[in-house]
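Hello,

Here is the structure I promised to pass on. Please open it first, then read my notes below.

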Amino acid sequence: MTKEPSADSVVGCPAGPLPGSPDFGDQTVTSHHFGEEGAKLTYGSYLRLEQLLTAQVLESDPPAHDELLFITIHQVYELWFKQLLHEVDAATGAMFGGRLWWAKHLLKRVAVIEDVLIRQIAVLETMTPQDFLVFRELLSPASGFQSAQFRELEFASGAKDPTYLKRFRGLTEAEQQRLADRLRAPSLWDGFVHAVGASGLPAATGEELSDSLVAVARDRDKYGELWELAEALLDHDEAAALWRARHVTMVERQIGTKSGTGGSTGAPYLRSRLGLHYFPLLWEIRSSL
Ligand code: HEM
Ligand SMILES: N[C@@H](CC(=O)c1ccccc1NC=O)C(=O)O
């Protein structure tokens with residue numbers, strides 16, 4: 001057990017105002033401005049807090065107490081989805097560029113963020129079905145099904161199901177374009193297949209690839225970097241599967257067997273997606289090891 005340091009026990013951080021820091025009445029240090037002078041950058045302007053903190057607009061009137069939580073959770077998800085796409089794109093590029101250690105580094109971050117996404121479902125589960133029902137009807141026909149970034153993540157990982165392009169209603173032109181672009185762009189899986197080929201192992205057909213992956217697994221002295229990369233991809237795949245499973249249990253807790261606001265059967269539709277794997281071959285080779 002490590003002891004939590006008290007404020008006055010931290011080296012260089014005595015109790016009381018920090019010398020030279022803004023708004024502490026210390027006028028002696030003028031050579032360093034800590035972002036507080038004139039029109040210089042501030043915390044709020046840098047983080048665009050005016051935009052961020054005015055973007056929670058409730059549908060319910062009078063306001064349903066839990067609708068703010070509902071909006072906040074979804075906005076936080078979309079911010080993390082944006083970050084995940086940033087990392088997944090960079091990891092794909094790194095694999096095509098032969099920088100496998102960087103791809104692995106980024107994929108580890110992806111899995112940690114996904115762990116946060118899984119765990120934050122518990123926050124929304126503090127909302128009871130009764131309190132959700134106060135505003136649920138107002139949400140129809142909107143639904144998480146329409147999250148373009150969520151689908152982009154699926155496509156960017158390797159699960160490219162073009163039928164989703166037609167099944168979406170209400171997406172903006174820009175969102176539709178982004179999804180169409182994603183269908184053509186190389187995925188994480190394409191990047192990994194490239195990396196296997198670049199290492200000298202056969203990777204032209206599914207069978208060759210499967211044999212090569214078994215060879216990688218059996219000789220980690222030789223192919224350690226590829227093996228670890230494959231494991232990092234599997235972590236991402238597993239985390240996405242865990243999120244889907246966690247989401248559907250929450251859905252059943254909130255709406256039981258009711259159909260969804262997005263027009264699907266609800267939990268049965270979501271359960272039909274639980275078998276989805278981004279990298280099926282990485283799971284299949286387990287049976288041959
Ligand atoms: C009270 C909480 C929630 C309920 C009851 C709920 C319910 C549902 C239902 C019923 C669907 C199926 C589509 C339809 O509406 O017909 C769905 C899909 C979806 N929801 Fe939620 N959801 C909740 C929270 C969330 C949260 C916090 C997120 C985070 C972004 C989310 C993301 C999604 C996504 C991405 C889909 C599409 C899944 C797919 O097509 O595989 N949901 N949700
Ligand atoms: N589909 C949910 C409603 C819902 O959760 C939702 C509604 C609007 C925007 C995002 C949502 N989140 C996930 O589906 C339902 O049927 O209750």
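**What I found**

Start with ligand 1: one of its oxygen atoms is 2.9 Å from a polar backbone atom of Gly 262. Bear in mind throughout that this is a predicted model.

**Ligand 1**

Two side chains also make polar contacts with this ligand. A polar side-chain atom of His 247 sits 2.9 Å from a nitrogen atom of ligand 1. In the side chain of Arg 273, an N or O atom is 2.8 Å from an oxygen atom of ligand 1.

The shell around ligand 1 holds 27 residues. Arg 151, His 247, Ser 264, Tyr 269 and Arg 273 come nearest. By class, the shell has 14 nonpolar, 11 polar and 2 charged residues.

Which helices supply at least two residues each of this shell? They are helix 3 (67-96), helix 7 (148-157), helix 12 (220-255) and helix 13 (267-272). Helix 12 gives the most, with 6 residues.

**Ligand 2**

Next, the other ligand. The residues around ligand 2 include Phe 70, Phe 132, Leu 139, Ile 255 and Gly 260. His 74, Arg 136 and Thr 261 are also among them, and each of these three has a polar contact to report:

- His 74: a polar side-chain atom lies 2.7 Å from a nitrogen atom of ligand 2.
- Arg 136: a polar side-chain atom lies 2.5 Å from an oxygen atom of ligand 2.
- Thr 261: a backbone N or O atom lies 2.8 Å from an oxygen atom of ligand 2.

On its own, ligand 2 has 390 Å² of accessible area, and the protein covers 79% of that. Its shell divides into 5 nonpolar, 5 polar and 1 charged residues. Helix 3 and helix 6 (129-139) each supply at least two of these residues. Helix 6 gives the most, with 3 residues. Helix 3 thus appears in the shell around ligand 1 and in the shell around ligand 2.

**The fold**

Now the chain as a whole. How many helices and strands does the protein chain have? There are 14 helices and 0 strands. The chain has 289 residues, and 36% of them are buried.

Look at the contacts with a separation of 6 or more. Residues 24 or more positions apart account for 68% of them. The accessible surface of the protein chain is about 17,300 Å². Carbon and sulfur atoms make up 57% of that surface.

**The cores**

The largest nonpolar core has 60 residues. Leu 188, Trp 189, Phe 192, Val 196, Leu 213, Leu 226 and Leu 282 have the most contacts inside it. Helix 12 gives the most to this core, with 14 residues. Helix 12 is also the top contributor to the shell around ligand 1.

Leu 226 is a good residue to click on. Beyond four places in sequence, Leu 226 touches Leu 100, Phe 192, Ala 195, Val 196, Ser 199, Leu 201 and Val 216. Another core, of 8 residues, lies apart from the largest one. Its members include Phe 155, Tyr 164, Phe 168 and Leu 179.

**Two residues to look at**

First, Lys 104. Lys 104 is in helix 4 (residues 100-119). Its side chain makes a polar contact with the side chain of Glu 228, at 2.3 Å. Leaving out residues up to four places away in sequence, Lys 104 touches Glu 228, Leu 229 and Ala 232.

Second, Thr 265. Thr 265 is in the loop between helix 12 and helix 13. Why is Thr 265 classed as partly exposed? Its relative accessible area is 48%, and a residue must be over 50% to count as exposed and under 20% to count as buried.

A polar atom of the Thr 265 side chain is 3.0 Å from the backbone nitrogen of Tyr 269. Tyr 269 is one of the residues that come nearest to ligand 1. Setting aside neighbours within four places in sequence, Thr 265 is in contact with Thr 257, Lys 258, Ser 259 and Gly 260. Gly 260 is one of the residues around ligand 2. The C-alpha atoms of Thr 265 and Arg 178 are separated by 27 Å, and the two residues are 87 positions apart along the chain.

Best wishes

Technical notes. Residues numbered from 1 in each chain as written. Chains lettered and ligands numbered in written order. Predicted model: local features only at pLDDT ≥ 70, side-chain atom pairs only at ≥ 80, totals over all residues. Heavy atoms only, no water. Near = heavy atom within 4 Å. Polar contact = N/O pair within 3.5 Å; in protein donor to acceptor, adjacent residues only side chain to side chain. Helix = DSSP H or I, 4+ residues; strand = E, 2+ residues; numbered from the N terminus. Nonpolar A, V, L, I, M, F, W, Y, C, P; charged D, E, K, R; others polar. Buried < 20%, exposed > 50% of the residue type's maximum accessible area, 1.4 Å probe, protein only. Contact = heavy atoms within 4.5 Å. Areas by Shrake-Rupley, 256 points an atom, 1.4 Å probe, with all protein chains shown as cover. Core = buried A, V, L, I, M, F, W, Y, C linked by side-chain atoms within 4.5 Å.
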